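Hi,

Here is the structure I said I would pass on. Have a look at it first, and then read my notes below.

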Amino acid sequence: MAIGVKVLKRPDRNVSYVRATLKGLAITFRKMLEPKVTMQYPEEKSAPEPERGAWAISPRWRGTHRMLTDEQGRSKCVACGLCPQICPANCIKLVPGEDEHGNRYPLIYEIDEFRCVFCGYCQEVCPEEAIHVGVHYENAEYSRDRFVYDLERLSAQTHPVSTLWDPSDPKGE
Amino acid sequence: MSSDLVSVTIDGVVVQVPKGTPIIEAAKQAGVLVPHYCYHPSLPSPAVCRMCLVEVEKAPKLMPACVTTVADGQVVHTDSEQARKARTGVLEFLLINHPLDCPICDQAGECELQNYVFQEGREGTRYGDYAKRYNPVEDFGPDVLYVANRCILCTRCVRFMDDVAGTPVLNVSERGDRAYIGIDQDQLLDHPWAGNVVDLCPVGSLVSKDFLHKARAWDLDKTASICTGCSQGCNIMIDTRDNTVVRLRPRPNMEVNRHFMCDHGRMNYRWMNRGDRIEAPLVRSGDRHVATDWDQALDLVRGLVGQAGPAVILASGGASLESLGMLKGMLAGRPLTAAVQVPLADAEAPLAGVPNLALRKERAANGEGARLLGYSMEWDPAVKVAGKAALVVLLDVALTDAEAAVVAGAGAVVVLGTIESQALAAARVVLPVTNTAEEQGTFVNRDGRVQRYEQARSAPGMGRPAWWIAAEVQGAAAATPAEAFAQVAAAVTGLAGMTYADLGVTGRMLRGASAAGSRV
């Protein structure tokens, strides 16, 4: 079976590079005068605030986790076990314990961000509004084990938390 | 007989039940579970929770199904508009003061309040700003905490202590919405069967300190088993999480333990999770043991078993019927002394309200089964004989230093063990065996009831059931516990004709033992 080949007609005389060069330079000069669209990352960064305009990161963005804390700085988690239960990637490790006031709290709470698929179910299922996925995307580390976030690290995160998708307001208006 | 039966119609299903049956039990036969809190089949019914109200035709108002007995021709509607409205109302009242702390409550996932509210409770509350009453958590006794806020005052715990345990230390204190379960002054909930109040509690009000915060109900794998604490043979559920036994709970068996088990049995599970297990077959080489594979170890045992001379089996009283039977079969043809080790306690701890139910003196699960197979209970003489025997087989026994020294005098010692022990030092071959939680098998309780237990967790390393080892050594074809049981049963008159399938989940009496020790 023959392969269909289309032979293009190429000009074989009166070919000059001058015209093409001028054409290219014209585009270059025109673009120099137009407003710039490239973001100068990392000097310039996206932010969740709407004033960033086109560079705004969505408030529904689901990034690395953050544990919220109460007024005393303790994590709001009560170790109910719903997030490890619902997690489709099985990336949350939770060992419940009891503090000096008889309150249930997590002895160990670890999220393996490498395993996480950032579905946001943990935030959705949390009855205490403790664990959240964050509006945050810079997660680079120098070693793999640094990607297992323990409770201290999750509580120390300061980035804003995701609003997730609201079924009653699907377009976020 | 037929004159004692009455015919009732429950939700359109006609059932025949004996006279005097409460509607709630008749409904179970019709396949309808009437929601209830205070009713429990093993406790007297006070009809205080008002949850089981059902519509009975020709009755002026709704009737509590737990105390209303059936009458011939009665027509009951459990799911009529009126009955449903009554239940929704009761649930709304219960939730007025119930804290919504399901995320931290141990009962969540197996809570009857949670279940019924989810089924037919109101969607929202009508008590928006109402401050719920608050009482602090009380420590009731060795293993029981009382979380007063969650209590729905069904009084099952009070009735258990009054009528079943016969030690009335619990009461309902105060009145109205201030009511709570009180404990008599200077008293503790330390009855040997007190742990049952935790199971009886339909909500998370009475919680076990041992199980507190350990696991969520939905994480648990449940396996039907038999308690190994004594010779009573209570039916239990082993709850495991990630291959670790975290809790034992009673499993209803009307013939043995009804719905109860004692605290000794309840706490007797930590040994199942022990980490210092023998994980591979060990063979003596010079003055130390070297790990090997099953083929080599079994060949060695085959050689030892094949020799002549007196043999002795020293087994644990907690070994299964299959293991004890196959082990004896393995050494058939040699002069054999077989004994089991059964620890004895000083006293029984009976549960007053249930006849023939107690924590027995004999603290091993299968003493009766061993007797049935011809094992002797005379432990010390058997150990003496072992010192002079040509071959000693030890099955999961803990020997004292003195006993181990005597046994070391034997020609050859083969140990079938779970954990490292004194007896290991003298052993020619050490074979790893499974413990009760890691194998299937049968026990015979003191009344002669043969009962099965199932495997709850996987065995560590290369551990195998002892019956499998014995079958391999003698070349007998027994690949499953059912086949092993069939082989053992064939040789015992009391077990004749019994199969694994016959035993079911509640067990069967030995032939000829049915009337003697058991109750109806």
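Start with helix α8 of chain B, residues 321-330: ten of its ten residues are buried, so the helix is largely enclosed by the rest of the structure. The buried set begins with L321(B), E322(B), S323(B) and L324(B), and it also includes G325(B), K328(B) and M330(B). Bear in mind as you read that this is a predicted model.

Helix α3 of chain B, residues 112-120, has a shorter list to go through: its buried residues are L113(B), Q114(B) and Y116(B). Part of what covers them is α2 of chain B, residues 81-97.

Now for the confidence figures. Chain B has a mean pLDDT of 92, with 98% of its residues at 70 or more. The stretch to be wary of is 515-520 of chain B, where the pLDDT is below 50; beyond near neighbours in sequence, that stretch has nine contacts in the model. Where pLDDT is low, the predicted coordinates should not be read in detail. For the complex, the predictor gives an ipTM of 0.78 and a pTM of 0.87.

Some overall numbers for chain B may help you find your way around. Its secondary structure comes to 14 helices and 25 strands, and its C-alpha atoms fill a box of roughly 85 × 55 × 40 Å along the principal axes. Of its 520 residues, 47% count as buried. If you take the contacts in chain B between residues at least 6 apart in sequence, 62% of them join residues at least 24 apart.

Which residues have the most contacts inside the largest nonpolar core? They are L314(B), A386(B) and V392(B), in a core of 152 residues. The helix that gives the most to this core is α12 of chain B (residues 466-474), with seven residues. L314(B) is a handy place to zoom in: leaving aside neighbours within four places in sequence, its contacts include A339(B), Q341(B), A382(B) and V383(B), as well as A386(B) and V392(B). Apart from this core lies another one, of 19 residues, and among them are C80(A), C83(A), I92(A) and Y109(A). As a rule, nonpolar side chains in soluble globular proteins tend to be buried together.

On to the strands, where I picked out a few pieces of chain B. In the first piece, β14 (residues 282-285) and β15 (residues 288-291) of chain B run antiparallel and are joined by four bridges. R284(B) has H289(B) as its bridge partner in β15(B). The hairpin has two residues between the strands, and G286(B) takes a positive phi near 70° there. β14(B) also pairs with β22 of chain B (residues 429-432), again in the antiparallel sense, over two bridges, and V283(B) stands opposite V429(B) in β22(B).

Next comes an open sheet of three strands in chain B, in the order β6-β7-β10, with antiparallel pairing. β6 (137-139) and β10 (206-208) of chain B each have a single partner strand, so one side of each is left without a neighbour in the sheet. Neighbouring strands here are turned by 30° against each other on average, direction ignored. Between β6(B) and β7 of chain B (residues 144-147) there are three bridges, and D139(B) stands opposite L145(B).

Another open sheet of three strands, also with antiparallel pairing, has the order β23-β24-β25 in chain B. Its edge strands are β23 (441-444) and β25 (508-509) of chain B, each pairing on one side only. Two bridges join β24 of chain B (residues 449-453) to β25(B), with R449(B) opposite M509(B).

R449(B) turns up once more, this time next to a loop residue. V256(B) is found in the loop between β13 (244-250) and α6 (263-267) of chain B. Is V256(B) buried or exposed? It has 27 other C-beta atoms within 10 Å, and 20 or more count as buried, so V256(B) is buried. Leaving aside neighbours within four places in sequence, V256(B) is in contact with G233(B), C234(B), N235(B), N445(B) and R449(B). C234(B) is 22 residues away from V256(B) in sequence, yet their C-alpha atoms are 6.2 Å apart in space.

Last, the place where the chains meet: eight residues of chain B are in contact with twelve residues of chain A. On the chain B side, those residues divide into five nonpolar, one polar and two charged.

Cheers

Notes: Residues numbered from 1 in each chain as written. Chains lettered and ligands numbered in written order. Predicted model: local features only at pLDDT ≥ 70, side-chain atom pairs only at ≥ 80, totals over all residues. Buried ≥ 20, exposed ≤ 12 C-beta atoms within 10 Å, placed from the backbone. Pairing = 2+ DSSP bridges. Contact = placed C-beta atoms within 7 Å. Nonpolar A, V, L, I, M, F, W, Y, C, P; charged D, E, K, R; others polar. Axes fitted to C-alpha atoms, helices over the stretch in contact; angles between N-to-C directions. Core = buried A, V, L, I, M, F, W, Y, C linked by C-beta atoms within 7 Å. pLDDT = per-residue confidence, 0-100.
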